Amino acid sequence: MKKFCIKRSAREIAGGLSLFLQECRPAQIDNVATLDQANENSLCFFQQEKYREDLLRTKAGLVLVPEDFSLDVPLNIIKVENPYFTFLQIVKSVFCSEQERTISSKASIHPTAKIADGAQIGDFVSIGANVSIGKNALIYPNVTIYEDTEIGDDVIVHSGAVLGSDGFGFLYQNGEQHKIPQLGKVVIGSGVEIGAGSTIDRGTLGATTIGDGTKLDNLVQIGHNCTIGKNCCICAQVGLAGNTKVGDLVYIAGQVGAAGHLSIGSYSRIGAKSGVMRDVPEHSEIWGVPAISAKEQKRIIIAQKQMAKILPKIKKLLKK
């Protein structure tokens, strides 16, 4: 259960989004909860039949249900096409939008940094020179933002993330590794979310870019000069080596590693723990090490499981 410092009546919530409320009793909503943990002031949603018993027993003050909902329950209900999505809309537009946005006095912010209205900067955030942060950005405590980083509107950066650190570039010459100066920048689009402990390296000369709406999970590593498209989802412990290009709406599952200078086409899906070692065409579904077609990989796994039964027969044939 998450309680907010403001209250809204069930009628106000419905009216604010032009939704029809089937009212059973007046209710003041000040928290969101699961059906089984709700009280008379809770906003909840019901979308899956496996939670029917929780719905029948809930004490919730307002429940969002599917349009074809037909149960007779003593609850305030609103019928919508997608209850979970509408629930998220209400949480963001009614409750979260009224939370105070502040810039912590404990943050270290370079005088040249530009921070737009409505941005929130947490304790012990470090912001370097020539950084720009867009409207309504939320930067959690202990984030480090190096110089020349551009962050769009409505971006969320979780604790411990580092934006704009040096790319991993060295040149072996005369018996030693010489550091290649990393002189580029990082550009983060609008609506991006960056998970805790994630790192995005600056470009060597150009920019490392993250497209609008893309979401990075915790502990993601984006190498120098990578280009990530729009609305991608990149899960925990993914590592993309430098100059990897990722299209739009790509899903990359946890612990995937991609070699550098590769192209991953739009609308592709990459299974967990895969090793991507060559370009990936659009609309691909790949998996494994090295990553190949998911269908082919499944056939290989099935064949491997059958080997225990097949090997004795092969040995008998060889003896004959």
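## Surface and charge

The protein chain exposes about 17,700 Å², an accessible area obtained by the Shrake-Rupley method with a 1.4 Å probe, where for residues only the protein chains shown count as cover. Carbon and sulfur atoms supply 53% of this exposed area. The model is predicted: local features need pLDDT of at least 70 and side-chain atom pairs count only at pLDDT 80 or more, while totals for chains, interfaces and linings use all residues. Residues are numbered from 1 along each chain as its sequence is written, and side-chain values use heavy atoms, with hydrogens and water left out.

Positive side chains number 35 and negative ones 32, counting Lys and Arg as positive and Asp and Glu as negative, without His or the chain ends. The centres of the two sets lie 12 Å apart, each charge being placed at NZ of Lys, CZ of Arg, CG of Asp or CD of Glu.

## Overall dimensions and fold

The radius of gyration of the protein chain is 25 Å, whereas a compact globule of 320 residues would have one near 20 Å; the radius is taken over C-alpha atoms, and the globule rule is 2.2 Å times the number of residues to the power 0.38. Along its principal axes, the C-alpha trace spans about 75 × 75 × 30 Å.

The chain contains 4 helices and 35 strands, which are DSSP runs numbered from the N terminus (helices: H or I, at least four residues; strands: E, at least two). Of the 320 residues, 41% count as buried, that is, under 20% relative accessible area, with exposed meaning over 50% and partly exposed in between (1.4 Å probe, protein chains only). Among contacts (heavy atoms within 4.5 Å) between residues at least 6 apart in sequence, 20% join residues at least 24 apart.

## Two buried loop residues

His224 occupies the loop between strand 24 (221-222) and strand 25 (227-228). Its relative accessible area is 14%, so His224 is buried. Beyond its neighbours within four places in sequence, His224 is in contact with residues including Phe168, Asp201, Arg202 and Asn243.

Asn41 lies in the loop between strand 3 (28-32) and strand 4 (42-45). Asn41 counts as buried because its relative accessibility is 18%. Leaving aside neighbours within four places in sequence, Asn41 contacts Gln28, Ile29, Asp30, Asn31 and Gly61.

## A partly exposed tyrosine

Tyr267 belongs to the loop between strand 31 (263-264) and strand 32 (269-270). With a relative accessible area of 40%, Tyr267 is partly exposed. Not counting residues up to four places away in sequence, Tyr267 touches Asp248, Leu249, Val250, His283 and Ser284. Tyr267 and Pro281 are separated by 14 residues in sequence and by 9.3 Å in space, C-alpha to C-alpha.
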